[in-house]
Amino acid sequence: AFRLFETLNDRGLELSAADLIKNRLLSRAAAEGNAVRESVVTIWENLMDDLGASQRINKIRFFRQYLLATKLGKVSQSKLYDEYKEGIETVGSSEKFAKQLARAAKDYRRLHEPDFEFDQLNLKLNDLQHLGAVPAMTLLMRLLIGKWSEADLLAVIPPIEVFSLRRSVCGWSTSEMDSLFNQIANLKKDELTIAVVAKKLAGAIPGDEEFKSRLIDNEFRQNDQTRYILEMFERYLLKTNELKVGGSQSVHIEHILPQTIDSSRSRNTKGGDWKAYLGPDAESHRSMHKRIGNLTLLAKELNIPASNNPFSAKIDFYKKSQFRLTAELCDQFKDWRNSQIEKRSQTLAERAVSIWSIDSEKAPYLKT
């Protein structure tokens, strides 16, 4: 039956790598006796329950990142099953192999749905999720396997955060990130320290000028990473690293210059017509409304009535906001056109260099 299962895959029936790994592992366990097979079946079921406990978890990604965390070298998704097949064939005990994999699955789940005693660690792991720091899970899983303390885990996250955000904003290669985290994760135990991690990551990030330039010019979407960036600006202004902004249902990413300026609602808004107000600047609306300088945080109950109102009317809602990032707009700007968006983008970019600095003394709002 096990051979038939694999043969079907060879002949074109699409089976996931997880299905094939399970089949090979149970085949090996069956050869070791019924008791071992039953034990491995139970271990595997518990493993899959852990991986299925969060919508954030991609099961195939777990199997790939587990290999990257425990074995030096490139692991492509297409060769994933071959790698596990080789490992299972050479393992001394299928049950031991299954238990190691199951413990790693529990660690992986905790990285995606953190439930550690340190609230700050849970907050920062959620930050990494929102940032989209997927490749970093390879290293963090290795550290959990290595029994790092929660305090040390918390201390190693800031350089990972800086590395991941800067490279993402500047559009640097993700595949190189996989390779670097694989190399770090497979350092000898006495070489794998917080200082070494920070040093290796610092050598592979965009410099300040490139980071600022891309942050100013990029178009930002309404997604978790943009929300994370704005939340970090808010922590910077409040001088705290413990702020947790509400989810997208209660706190919106507000476009000061509205996303739409040519709808009937935009044209007929009381107090002004955005298109007429912008004049020649209206031609660049499509890109300018997505600039970081045009974005802020606003509670749902304020954002909905503010809607596409002219800037002079929006200010009244911004004044009521509890977010410092939003409230400061009222004091700094009386008009809102391209020049104001560019000016605020420059200001935020300058702050970003301090916030996402590999030098921990310059980035207190990433620290514990």
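In this predicted model, the charged end of R110 sits over the ring of F116, with 3.9 Å to the ring centre. A second case of this kind turns up at R337, whose charged end sits over the ring of Y277, again at 3.9 Å from the centre.

Rings also meet other rings here: the structure holds 13 aromatic pairs. Take F62 and F63, which pair edge-to-face, at 5.1 Å centre to centre and with 65° between the planes. F62 has 0% relative accessibility, and since anything under 20% goes down as buried, F62 is buried. F63 also comes out at 0% relative accessibility and so counts as buried. Then there are F333 and W336, with ring centres 5.0 Å apart; their planes stand at 90°, and because an angle over 60° is what the edge-to-face label asks for, this pair gets that label. F333 and W336 are both buried.

Some of the ring pairs join up into a cluster, made of W44, F62, F63, Y66, Y84, F97 and Y108. The edge-to-face pair of F62 and F63 described above is thus found among the cluster's members.

Now to the open spaces. The largest pocket has a volume of about 270 Å³, and its lining is made up of 13 residues. Nearest the centre of this pocket lie R103, D107, L144, I145 and K147. Helices α6 (94–112), α8 (136–145) and α9 (150–169) are the elements that each put two or more residues into the lining. Of these, α6 gives the largest share, with five residues. Sorted by class, the lining of the largest pocket has seven nonpolar residues, five charged ones and one polar one.

The second largest pocket holds about 210 Å³ of space. It is lined by 13 residues, and S168, R221, N223, Q225 and T226 are the ones nearest its centre. Two or more lining residues apiece come from α7 (119–131), α9 and α13 (224–238). The largest share, three residues, belongs to α13. As for the make-up of this second lining, seven residues are polar, three are nonpolar and three are charged.

Put side by side, the two linings read rather plainly: the largest pocket has seven nonpolar residues and one polar residue, whereas the second largest has three nonpolar and seven polar residues. Helix α9 appears on both lists, giving two or more residues to the largest pocket and two or more to the second largest.

Notes. Residues are numbered from 1 along each chain as its sequence is written. This is a predicted model: local features need pLDDT of at least 70, side-chain atom pairs count only at pLDDT 80 or more; totals for chains, interfaces and linings use all residues. Side-chain values use heavy atoms; hydrogens and water are left out. On a 1 Å grid over the protein atoms alone, a cavity is a set of points where a 1.4 Å probe fits but cannot get out, and a pocket is an open set with protein on both sides within 12 Å along at least five of seven lines; lining residues have an atom within 4 Å of a point. Grid points are joined across faces, edges and corners, and a volume is the space filled by probe spheres set on the points. Helices (H or I, at least four residues) and strands (E, at least two) are DSSP runs, numbered from the N terminus. Ala, Val, Leu, Ile, Met, Phe, Trp, Tyr, Cys and Pro count as nonpolar, Asp, Glu, Lys and Arg as charged, and the others, Gly among them, as polar. Rings of Phe, Tyr and Trp (its six-membered ring) pair if their centres lie within 6.5 Å; planes under 30 degrees apart count as stacked, over 60 as edge-to-face and the rest as tilted. Buried means under 20% relative accessible area, exposed over 50%, partly exposed in between (1.4 Å probe, protein chains only). A charge sits over a ring if NZ of Lys or CZ of Arg is within 6 Å of the ring centre and within 35 degrees of the ring normal.
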